[in-house]
Amino acid sequence: MKLAVVGKGGVGKTTMAAVLARTLARDGATVVALDCDTNPNLGISLGIGDTETERLIGLRQSLDDGDQEHAPSWESLVDVFGSDAPDGVRLAVVSAIEKPEPGCPCCGLSPEQLLRTVAFDEQTVIADFEAGTGTLTRLAEGAVDVVVLVVVPTAKSVEVARRAAELVAEKRLGRLVVLANQVRDDADRELVTTAFPDVDVVCVPHDERIAEADRYGLAPLDLAPDADGVRAIAALAGTLTAPA
Amino acid sequence: MRVAFVGKGGAGKSAIAGVVARLLARRGEDVLAVDSDPLPGLSVSLGLGVVEAVIPAAAVEEKAEGEPGPRFRLRRGLTASGALDRYALPAPDGVRFLQFGKTRASGVPLMRSQWAFRQILDGLPPEHPTVIGDLPGGTRQPFFGWAGYADTVVVVVPPTSAGILSARRLAKLASTEDATAAPSRIVAVASQVRDGSDLERVRQRTGLDVVGSVPWDGHVLAAEREGRSVLDVALESPAVAALVALTDRLAAHRPTAALAHRQGGAS
């Protein structure tokens, strides 16, 4: 199963992707978490720390400087540019580089192409994408099974998500799940649900402890496993693996 | 003064840029606010709501085969200032607002509009108008020279690990990119600051000169929820007070003022 996590910048895509990835792994899936963002921070929310996250980014960037050998295959891409995260999740940074070599398995494909091209077999793939709707314009039908659209209850975020949802439907990109993050009250909930009347909206209540995890570079699952927000995302994980 | 705001998504770039633009205009400056993000942002924070305006493709023409220069330039007879008169929209407090357009689900490619946007900014006379720019979140766009107009790049930094690491990456990019296009100054503004330790962490871990600190403020959240400017929702809020101070600080540092001072001192 392949999931893409998309949304406006700062809505919590990376935080959600990390909790989802680790929860699915705890439930027994073999999870590969792909950081597809050119500003990659997924490692922090998975719980591998700032230093290891920066090391992975450095590796990816040294491809451009010619200081890093290219990976000869998809499997080795996850080896070379990846790191083991808690709960058995394998993280790999696959974001676009400045000077890709055409045809190279490790940099010649965009993350969107990679998702469509590579056979992931029984693995569960969670792709954390760059902010905005560009990713959805580049994804092809069949590249992913589920699009998790993260939205916060602000006018701008809802507007971006509306455009994103149109793209998902128009391009038949798979099942759409709207994750309303940082929901503080009924007005917040209503702002999101009225914008998406025909879509499953999963609400993640605002939680100071998730904000705190982001502050200190920790995984929400480690800092606040029992936070309402974390539980809501974990419950979502269960429904994603069940047939739609 | 030409300032570009950059930073991680959700750092508060648009909200800050929109208020700074309007505060400068209230002081009598001719302010152009520009948004190079294909997603809705700055227009909402200026108080204009979501704006669908697009710079028309016909604003540019393709250069002839073999002709030097960029692929597209403003069409014959259209100057950068003339294009502003045509395509910039009036925003509150007399600010003028320019965007190349917003991504639509099945919209036309915006390439020519993007070229027009870049050509207008590149063609403006050196000092006039004041430009306040809002860039997309993340680290990708500054690569492509989108902040070429800026004499000052302001990195907006929320006190989170991801926000701080993003700021460090951006500062590195801004200083190592094309040296001729490099901004003269890279500074930081801490956003969503809850206490002194937040501010100190931003200061220490970015290593940047922090020229402003905007407190976490429920008024900003309320404005964002409604899609309005915090200036129109809560003029007396702590966040607006901090943005007034930031505007003072940015205005005091303008290179032209520094230059005039130097020239004055030499005579």
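Guide: Let's start with a cut-off: a residue counts as buried if 20 or more other C-beta atoms lie within 10 Å of its own, as exposed if 12 or fewer do, and as partly exposed in between. The model here is a predicted one.

Visitor: Okay, then why is Asp87(A) called partly exposed?

Guide: Asp87(A) has 17 C-beta neighbours inside 10 Å. That value falls between the limits of 12 and 20, so the label is partly exposed.

Visitor: And what is its phi, given that Asp87(A) is not a glycine?

Guide: Asp87(A) has a positive phi, about 65°. You'll find Asp87(A) in the loop that joins strand 3 (82–84) to strand 4 (90–93) of chain A.

Visitor: What makes Asp93(B) partly exposed?

Guide: Asp93(B) has 17 C-beta neighbours inside 10 Å, which again sits between 12 and 20, so Asp93(B) counts as partly exposed. Its phi is positive, about 65°, although Asp93(B) is not a glycine. Look for Asp93(B) in the loop between strand 5 (89–90) and strand 6 (96–99) of chain B.

Visitor: How do you know whether Pro153(A) is buried or exposed?

Guide: Pro153(A) counts 25 C-beta neighbours inside 10 Å, and the bar is 20 or more, so Pro153(A) is buried. Pro153(A) lies in the loop between strand 6 (146–151) and helix 7 of chain A.

Visitor: Which residues does Pro153(A) touch, not counting residues up to four places away in sequence?

Guide: The list has Ala180(A), Gln182(A), Val183(A), Asp188(A), Leu191(A), Val192(A) and, from chain B, Arg225(B). The C-alpha atoms of Pro153(A) and Glu190(A) are 8.8 Å apart, with their positions 37 residues apart along the chain.

Visitor: How many residues does each chain bring to the contact between chain A and chain B?

Guide: Chain A brings 31 residues and chain B brings 30. On the chain A side, the elements that give two or more residues are helix 3 (49–65), helix 7 (155–170) and helix 9 (208–216). Helix 7 of chain A gives the most, with 8 residues. By class, that side of chain A splits into 9 nonpolar, 10 polar and 12 charged.

Visitor: Moving to helix packing, why is helix 3 of chain B called oblique to helix 4 of chain B?

Guide: The axes of helix 3 (residues 80–87) and helix 4 (residues 111–123) of chain B come within 8 Å and cross at roughly 125°. That angle is past the 65 to 115 window for roughly perpendicular but not over 145, where roughly antiparallel begins, so the pair is oblique. The crossing is left-handed.

Visitor: What makes the contact of helix 3 of chain B with helix 4 of chain B 5 nonpolar and 1 polar?

Guide: Helix 3 supplies Ala80(B), Ala83(B) and Leu84(B), while helix 4 supplies Ala116(B), Ile120(B) and Gly123(B). Gly counts as polar in this scheme, so Gly123(B) is the polar one. None of the residues is charged.

Visitor: Why are helix 1 of chain B and helix 9 of chain B called roughly perpendicular?

Guide: The axes of helix 1 (residues 13–26) and helix 9 (residues 238–252) of chain B come within 9 Å and cross at roughly 65°. The perpendicular range runs from 65 to 115 degrees, so roughly 65° gets that label, right at the edge. The crossing is right-handed.

Visitor: Which residues meet in helix 1 and helix 9 of chain B?

Guide: Ile16(B), Val19(B), Val20(B), Leu23(B) and Leu24(B) of helix 1 meet Val240(B), Leu243(B), Val244(B), Leu246(B), Thr247(B), Leu250(B) and Ala251(B) of helix 9. The tally is 11 nonpolar, 1 polar and no charged. Thr is in neither the nonpolar nor the charged list, so Thr247(B) is the polar one.

Visitor: Which residues touch the most other members of the largest nonpolar core?

Guide: Val5(A), Ala21(A), Ala33(A), Ile126(A) and Leu149(A), out of 84 residues. Helix 1 (residues 13–26) of chain A gives the largest share, 8 residues. Leaving aside neighbours within four places in sequence, Ala33(A) has contacts that include Ala17(A), Ala21(A), Leu42(A) and Ile126(A). Another core, of 79 residues, lies apart from it, with Val20(B) and Leu243(B) among its members.

Note on methods:
Residues numbered from 1 in each chain as written. Chains lettered and ligands numbered in written order. Predicted model: local features only at pLDDT ≥ 70, side-chain atom pairs only at ≥ 80, totals over all residues. Axes fitted to C-alpha atoms, helices over the stretch in contact; angles between N-to-C directions. Helix = DSSP H or I, 4+ residues; strand = E, 2+ residues; numbered from the N terminus. Parallel < 35°, antiparallel > 145°, perpendicular 65-115°, else oblique. Left-handed = near helix turned anticlockwise from the far one by under 90°. Contact = placed C-beta atoms within 7 Å. Core = buried A, V, L, I, M, F, W, Y, C linked by C-beta atoms within 7 Å.
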